[in-house]
Amino acid sequence: MDGFSEKSLLSLGDYYVYGLIDPRTKQIFYIGKGTKNRVFEHEKESLGSPDSEKLKLKTITDIKDAGLEVEKIIINSNLTEEEAFAAEASLINAFNYVSDAGLTNIVAGHHSAEALSVDEYERINGAAPLEEKDIRHKILVIKINRLYQRGMDEKVLYDAVRGVWRASKEKVKTVEYVFGVYNSLIVAVYKPSEWFVCKEAKYRLPRQDIVLTPKTENRLFFVDEGYEQGLPLDENESFYIGKSIAGLKLNQSAQNPITYLNPR
């Protein structure tokens, strides 16, 4: 089947939410919203791009190569566009919260925050606010929403925050503290001892997934010798950590994960 009958299209209404299922595992691997015959179009897309590295299309191609068909389900129908956006985002968030769900969706959903445990929700949304008058140091704020994982090891968190970043080498020399920020919550505070340019670094790069290219070789990362020596947080680090920066005026551009805070 590669399309609905006219009668079924009328029954679906304006918008619906659907899932694509891998018949080999019986698991949903993609959730989407659509109108008319949208649910069937992913397979047509995969036929046009059989060598695509896009995980959704690659999964469809693998299913076809195994001589099987993608199973499709209508999760909810007769929705407005706004209802469909909300339902799609909620389902994606719920599935992504379960680490082994294996969704191939690239983005979480329209205007959506990820699912949180009640403890995480309280920790983020109930955190004491960091106010402008509290900022007494030159600070580099690094948003690590995409790198942060629940329960991640402290060393992995450290490596996620410390680089590599596109920043001015002269400007970072003045930075006294670095905040690792997840959903406006300060989850890590470090005191850089030294900054390095990737191509000149005597240290190994912070993460194994970083590949040096002409685009990344001039990016920067830092080392916090106090942290690496196992020293406890200093008085300022202890004050900043766990607070929320949601009330501060910051550069919220998704394209740039770093911004600066300076004392008034």
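**Close-up 1. The second largest pocket and its lining.** In this predicted model, 18 residues line the second largest pocket. Those nearest its centre are Glu 154, Val 189, Tyr 190, Tyr 227 and Leu 233. Three elements each give two or more residues to the lining: helix 6 (154–162), strand 7 (185–190) and helix 8 (225–228). Strand 7 gives the most, with 4 residues. The space in the pocket comes to about 320 Å³. Sorted by class, the lining holds 11 nonpolar, 6 charged and 1 polar residues.

**Close-up 2. The rings of Phe 4 and Phe 40.** The structure holds 14 aromatic pairs. In one of them, the ring centres of Phe 4 and Phe 40 lie 5.0 Å apart. Their planes stand at 70 degrees, so the pair is edge-to-face; the cut-off for that class is over 60 degrees. Phe 4 belongs to the segment before helix 1 (6–12). Phe 40 sits in the loop between strand 2 (27–34) and helix 2 (41–48). The pair therefore ties together parts that are 36 residues apart in sequence. Is Phe 40 buried or exposed? Phe 40 counts as buried, because its relative accessibility is 7% and the limit for buried is under 20%.

**Close-up 3. Tyr 190 meets Tyr 227.** Both residues are among those nearest the centre of the second largest pocket. They also form an aromatic pair that is edge-to-face. The distance is 5.6 Å centre to centre, with 80 degrees between the planes. Tyr 190 lies in strand 7 and Tyr 227 in helix 8. The pair links distant parts of the chain, 37 residues apart. Tyr 190 is buried, with a relative accessible area of 4%. Tyr 227 has a relative accessible area of 23%, so this residue is partly exposed.

**Close-up 4. An aromatic cluster around the tyrosine pair.** Which residues form one aromatic cluster? The members are Tyr 158, Tyr 190, Trp 195, Phe 222 and Tyr 227. Tyr 190 and Tyr 227, the edge-to-face pair of the previous view, are thus seen here with the rest of the cluster.

**Close-up 5. Lysines over aromatic rings.** Where does the charged end of Lys 56 sit? The charged end is over the ring of Tyr 30, 5.0 Å from the ring's centre. A second site involves Lys 243 and Phe 239. Here Lys 243 lies over the face of Phe 239, at 4.1 Å from the ring centre.

Conventions
Residues numbered from 1 in each chain as written. Predicted model: local features only at pLDDT ≥ 70, side-chain atom pairs only at ≥ 80, totals over all residues. Heavy atoms only, no water. 1 Å grid on protein atoms, 1.4 Å probe; cavity = no way out; pocket = protein on both sides within 12 Å on 5 of 7 lines; lining within 4 Å. Points joined across faces, edges and corners; volume = space filled by probe spheres on them. Nonpolar A, V, L, I, M, F, W, Y, C, P; charged D, E, K, R; others polar. Phe/Tyr/Trp six-rings, centres within 6.5 Å; stacked < 30°, edge-to-face > 60°. Buried < 20%, exposed > 50% of the residue type's maximum accessible area, 1.4 Å probe, protein only. Lys NZ or Arg CZ within 6 Å of the ring centre and 35° of its normal.
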